[in-house]
Amino acid sequence: APANAQFVQHIVYSSRARATAWRASQSALSEALVVPITVNGATQFAVVSGPFVDRALTRAFVQGLGDDADYWVRTAGSLQDILQTGE
């Protein structure tokens, strides 16, 4: 994805299995990805949706998540900075 594309990060878990189970429990996130990231030197697993090419599409997506949804909008560049490759 281009560095300025946006992703929505939903949650981070310490195990891939927990992240995958959480994603499976969220019907609106069936196309979300579970990706390995580095947080404070440790491997964690983030559930992310995207990429979205502009803010309007990102905004439309998060509005469909519901009022109690917890998420973090981040650029592809910021996600790439912590993304682990090779897994």
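Two strands are taken as paired if DSSP finds at least two bridges between them. In this predicted model, strand β1 (residues 6-13) and strand β3 (residues 42-52) meet that criterion with six bridges, in the antiparallel sense. One of the contributing positions is Q6, whose bridge partner in β3 is F52.

The sheet as a whole is open and has four strands. Their order is β2-β3-β1-β4, and the pairing is antiparallel. The edges are occupied by β2 (33-39) and β4 (72-75). Each of these has a single partner strand, so one side of each lacks a neighbour in the sheet. From one strand to the next, the twist averages 45°.

Two helices contact the sheet strands. Helix α1 (residues 16-24) lies across β1, β2 and β3. Its direction is at about 140° to β2. Helix α2 (residues 55-63) packs on the sheet and touches β1, β3 and β4. The direction of α2 makes about 40° with that of β1.

Aromatic contacts were examined next. A pair of aromatic rings is described by the distance of the centres and the angle of the planes. The count comes to one aromatic pair. The pair is formed by F52 and F61, with ring centres 5.0 Å apart. The planes are at 40°, so the pair is tilted. F52 has a relative accessible area of 13% and is therefore buried, the cut-off being under 20%. F61, at 21%, is partly exposed.

A charge-ring arrangement is found in residues of β4 (72-75). Here the charged end of R74 sits over the ring of W72, 4.0 Å from the ring centre.

Key. Residues numbered from 1 in each chain as written. Predicted model: local features only at pLDDT ≥ 70, side-chain atom pairs only at ≥ 80, totals over all residues. Heavy atoms only, no water. Axes fitted to C-alpha atoms, helices over the stretch in contact; angles between N-to-C directions. Contact = heavy atoms within 4.5 Å. Phe/Tyr/Trp six-rings, centres within 6.5 Å; stacked < 30°, edge-to-face > 60°. Buried < 20%, exposed > 50% of the residue type's maximum accessible area, 1.4 Å probe, protein only. Lys NZ or Arg CZ within 6 Å of the ring centre and 35° of its normal.
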